[in-house]
Amino acid sequence: MKKNITGSKLAQLKQQGQKISAITAYDASFSEVFATQGVDIQLVGDSLGMVLQGNDSTIPVTVDEIAYHVKCVQAGNKGSLLIADMPFMSYATPEQTWTNAATLMRAGANMVKLEGGSWLLESIEGLTIRGIPVCAHLGLTPQSVNVFGGYKVQGREEDQAQLMIDDAIALQNAGAQLLVVECVPSSLGKRLSEALTIPVIGIGAGPHCDGQILVMHDMLGISTGYIPKFSKNFIKQTGDIHLAIAAYVDEVSSGAFPGPEHCFE
């Protein structure tokens with residue numbers, strides 16, 4: 001069991017070359033399982049709009065809904081770092097960002113996550129000054145799915161890749177302590193991890209990131225319909241939830257996951 005994971009502890013793990021494991025969580029029971037099996041980060045993701053509420057996107061999720069699930073997860077948490085997603089249009093202005101982030105921190109979050117690039121710099125600087133740690137999110141940002149025209153791999157072209165790297169460095173300089181990068185070529189995941197001093201957590205971003213995150217429903221084989229290429233059903237190989245989580249943590253730590261079949265080029 002890992003105790004009291006913090007942003008500074010995650011930075012230390014990156015410096016030591018140790019991989020970071022992360023998973024989405026939505027309730028106290030699963031949260032305790034994840035923490036006791038050694039998961040470093042638990043994310044109350046706006047993915048709850050899809051896997052819990054049955055919506056076809058994350059757009060309908062509200063701050064109050066995220067806050068409710070943060071309280072639930074924190075009740076069962078045993079030392080994982082708890083990150084709360086800031087849902088669609090809850091951080092359109094810096095002032096709105098700070099108010100809604102405070103709500104999520106009061107609910108029990110240790111950090112908040114925002115999707116987007118350089119337009120977020122003022123908000124991230126303000127959060128950092130106000131004592132609220134930030135996780136940034138680049139690549140395929142699900143709240144922008146209507147702009148992207150679907151769930152598509154990002155950063156395939158060199159100009160797009162370089163813009164993402166530039167944005168990532170700017171977000172780090174503004175105070176972000178962590179970066180999630182989603183659905184990008186493995187080569188770009190590697191470049192981002194090498195360019196930043198903060199940990200880069202990948203989801204469909206290749207094996208060279210500093211850590212990995214998956215949606216719990218996907219990795220436990222209980223998602224209905226589409227299963228992303230970057231996911232893996234760990235319960236299929238173990239037959240037990242506790243063993244599945246332990247296997248995920250072990251395979252992330254060893255570098256066995258993600259394999260080539262889970263990556264984009």
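Author: Let's settle one term before we start: a residue is buried under 20% relative accessible area, exposed over 50%, and partly exposed in between (1.4 Å probe, protein chains only). The model is predicted, so to speak of local features takes a pLDDT of at least 70 and side-chain atom pairs count only at 80 or more, while totals for chains, interfaces and linings use all residues. Residues are numbered from 1 along each chain as its sequence is written, and side-chain values use heavy atoms, with hydrogens and water left out.

Reader: Which residues of helix α1 are buried, and which are exposed?

Author: Helices (H or I, at least four residues) and strands (E, at least two) are DSSP runs, numbered from the N terminus. In α1, residues 7–15, the buried ones are Gly7, Leu10, Leu13 and Lys14. They share one side of α1 because their arc around the axis, taken from the directions to the C-beta atoms, is only 115 degrees. Ser8 and Gln15 are exposed on the other side. The buried residues of α1 pack against β1, β2, β3, β6 (178–182) and α9 (186–195), where contact means heavy atoms within 4.5 Å.

Reader: What makes the pairing of aspartate 210 and lysine 14 a salt bridge?

Author: The term asks for a side-chain nitrogen of Lys or Arg within 4 Å of a carboxyl oxygen of Asp or Glu. Here the N to O distance is 2.9 Å, so the pair qualifies. Aspartate 210 sits in the loop between β7 and β8 and lysine 14 in α1, so this bridge ties together parts 196 residues apart in sequence.

Reader: Why do aspartate 210 and lysine 14 count as buried?

Author: Aspartate 210 has a relative accessibility of 12% and lysine 14 has 16%. The limit is under 20%, so the word fits both.

Reader: How do you know that glutamate 194 and lysine 190 are about one helical turn apart?

Author: Both belong to helix α9 and they are 4 residues apart, which means about one turn. Their closest N and O atoms are 2.6 Å apart, in a salt bridge. At 56%, glutamate 194 passes the 50% mark and is therefore exposed. Lysine 190, at 33%, falls in between and is partly exposed.

Reader: How many salt bridges does a search of the whole structure find?

Author: It finds 5. One of them joins glutamate 251 and lysine 232, at 2.9 Å from N to O.

Reader: What makes β1 and β8 a pair of strands?

Author: Two strands pair if DSSP finds at least two bridges between them. Strand β1 (residues 20–24) has 4 bridges to β8, so it passes, and the two run parallel. Isoleucine 20 stands opposite glycine 211 in β8. Strand β7 (residues 200–203) also pairs with β8 in the parallel sense, over 2 bridges, and glycine 202 stands opposite glutamine 212 there.

Reader: In what order do the strands close into a barrel?

Author: The 8 strands run β1-β2-β3-β4-β5-β6-β7-β8, with parallel pairing. Neighbouring strands are turned by 25 degrees against each other on average, direction ignored. Axes are lines fitted to C-alpha atoms, for helices over the stretch in contact, and angles run from 0 to 180 degrees between N-to-C directions. Helix α4 (residues 63–76) packs on the sheet, touching β2 and β3, and makes about 165 degrees with β3.

Reader: How do you know that the length of α8 agrees with what is expected?

Author: The expected span is 1.5 Å times one less than the number of residues. For the 17 residues of α8 (158–174) this gives 24 Å, and its end C-alpha atoms are 24 Å apart, so the two agree.
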